[in-house]
Amino acid sequence: HRHLLGIEGLSRLDIEALLDQSESAVALSRQVEKKRTTLRGRTQINLFFEPSTRTQSSFELAGKRLGADVMNMSVASSSVKKGETLIDTAATLNAMRPDIIVVRHHAAGAVHLLARKVDCSVVNAGDGAHEHPTQALLDALTIRRNKGRIEGLRVAICGDVLHSRVARSNIILLQALGARVRVIGPSTLLPTGIERFGVEVFTDMRRGLDGCDIVMMLRLQRERMNGSFVPSVKEYFRYYGLDGEKLALAAPDALVMHPGPMNRGVEISSEIADGAQSLIREQVEMGVAVRMAVLEVLATHLPNN
Ligand code: CP
């Protein structure tokens with residue numbers, strides 16, 4: 001593959017190879033000297049049309065740990081603000097001869113479109129409510145390291161599934177690796193026809209959590225709810241917020257995940273987010289490793305490699 005645009009289209013072998021490659025990046029990142037030379041002389045542009053803390057910074061660190069020259073394009077102060085289109089922006093950056101462009105965009109499919117207009121490798125860092133492939137890979141790596149496997153695990157993805165690219169990429173990836181995935185949320189925040197993806201659907205969180213090995217919480221994405229139903233925070237937390245009482249219904253050794261950013265007291269209590277069953281900090285560490293692995297695999301497809 002020249003690009004990483006989504007989990008859709010990757011085989012189980014592709015995914016497992018990326019997870020295995022990530023393990024060596026975890027080991028490297030825990031050393032004092034954290035550098036490799038895989039991308040020495042290469043140029044990586046991070047082009048983020050939506051805000052990001054984790055994804056942008058970890059792609060920057062990943063590129064730098066592999067020796068690339070990394071440029072963070074500041075969209076907020078770019079000519080996008082003067083009306084330049086996505087395609088013209090891509091063509092302009094392409095003329096500077098980057099080797100890899102990492103893109104986040106608010107429109108589903110925008111990254112695929114951009115990939116057709118440039119000569120370099122493109123990585124999807126989140127496109128609308130479509131896909132966020134490196135998030136699903138880092139989640140899988142975190143689960144595999146803590147549970148020793150993914151096959152056969154019961155994973156609950158809870159909350160605003162409708163607006164979540166993280167949910168979509170995770171549903172595809174976790175099922176490809178043999179997990180049994182449930183989605184839990186109010187019917188207004190579940191995509192119609194989600195059963196088509198082979199997941200079990202619950203609107204009652206207490207029933208849905210029963211016996212789950214992994215409880216993955218999602219942020220209520222109010223910025224994407226233009227005009228549609230927006231639940232009150234108090235009511236949402238009561239029915240769909242993860243607290244100690246609801247988590248007790250999952251398996252006794254259940255582990256809790258959240259891709260971030262978290263809204264404490266909305267979808268998750270602080271007690272659980274910071275508690276002994278939480279993997280949230282480890283997910284961030286795995287994010288750098290997975291992005292190093294993705295960049296290294298793409299590097300093998302770059303011209304003159
Ligand atoms: N999980 C995630 O994509 O976080 P950011 O939006 O901070 O990158």
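Is Arg 97 buried or exposed? With a relative accessible area of 71%, Arg 97 is exposed. Welcome to a short tour of this structure, which is a predicted model. Its chain comes to 11 helices and nine strands, and 55% of the 305 residues are buried. Here are some details to look at as you turn the model around.

**Overall shape**
- A compact globule of 305 residues would have a radius of gyration near 19 Å, and the chain agrees with this because its own value is 19 Å.
- Along the principal axes, the C-alpha trace spans about 55 × 45 × 35 Å.
- Phe 59 and Gly 287 show how the fold brings distant parts of the sequence together: they are 228 residues apart in sequence and 8.4 Å apart in space, C-alpha to C-alpha.
- Phe 59 has its place in helix α2, residues 54–65, and with a relative accessible area of 0% it is buried.

**Backbone points worth a look**
- Most residues other than glycine have a negative phi, and most peptide bonds are trans.
- Arg 97 has a positive phi, near 60 degrees, although it is not a glycine.
- You will find Arg 97 in the loop between α3 (86–94) and β3 (100–105).
- A cis peptide bond, with omega about -5 degrees, joins Gly 260 and Pro 261.
- Pro 261 belongs to the loop that runs between β9 (255–257) and α10 (270–273).

**Helix α6 and its ends**
- Helix α6 covers residues 165–176, which makes 12 residues.
- From first C-alpha to last, α6 reaches 17 Å, close to the 16 Å expected at 1.5 Å a residue.
- Ser 164 caps the N-terminal end of α6, with a side-chain oxygen 3.3 Å from the backbone nitrogen of Val 166.
- Most of α6 is covered, as nine of its 12 residues are buried.
- Among the buried residues of α6 are Arg 165, Ser 169 and Asn 170, along with Val 166, Ile 171 and Leu 174.
- Just after α6 comes Gly 178, whose phi is positive at about 90 degrees.

**Aromatic rings**
- One aromatic pair turns up in a search of the whole structure.
- The pair is formed by Tyr 236 and Tyr 240, whose ring centres are 5.8 Å apart; their planes meet at 35 degrees, so the pair is tilted.
- Both tyrosines, Tyr 236 and Tyr 240, sit in helix α8 (residues 233–240), four residues apart, or about one turn of the helix.
- An α-helix has 3.6 residues a turn, so residues three or four places apart point the same way.
- Tyr 236 and Tyr 240 are both buried.
- Phe 237 has a charged partner: the charged end of Lys 246 sits over its ring, 5.7 Å from the ring centre.

**Cysteines**
- How many disulfides does the structure hold? It holds zero.
- A disulfide is a covalent bond between the sulfur atoms of two cysteines.
- For Cys 158, the closest cysteine sulfur is that of Cys 212, and at 7.3 Å it is too far for a bond, because a disulfide needs sulfur atoms within 2.5 Å.
- Cys 158 counts as buried because its relative accessibility is 1%, under the 20% cut-off.
- Cys 120 counts as buried too, at 4% relative accessibility.

Definitions and conventions
Residues numbered from 1 in each chain as written. Predicted model: local features only at pLDDT ≥ 70, side-chain atom pairs only at ≥ 80, totals over all residues. Heavy atoms only, no water. Phe/Tyr/Trp six-rings, centres within 6.5 Å; stacked < 30°, edge-to-face > 60°. Helix = DSSP H or I, 4+ residues; strand = E, 2+ residues; numbered from the N terminus. Buried < 20%, exposed > 50% of the residue type's maximum accessible area, 1.4 Å probe, protein only. Lys NZ or Arg CZ within 6 Å of the ring centre and 35° of its normal. Expected span 1.5 Å × (residues − 1). Polar contact = N/O pair within 3.5 Å; in protein donor to acceptor, adjacent residues only side chain to side chain. Rg over C-alpha atoms; globule rule 2.2 N^0.38 Å.
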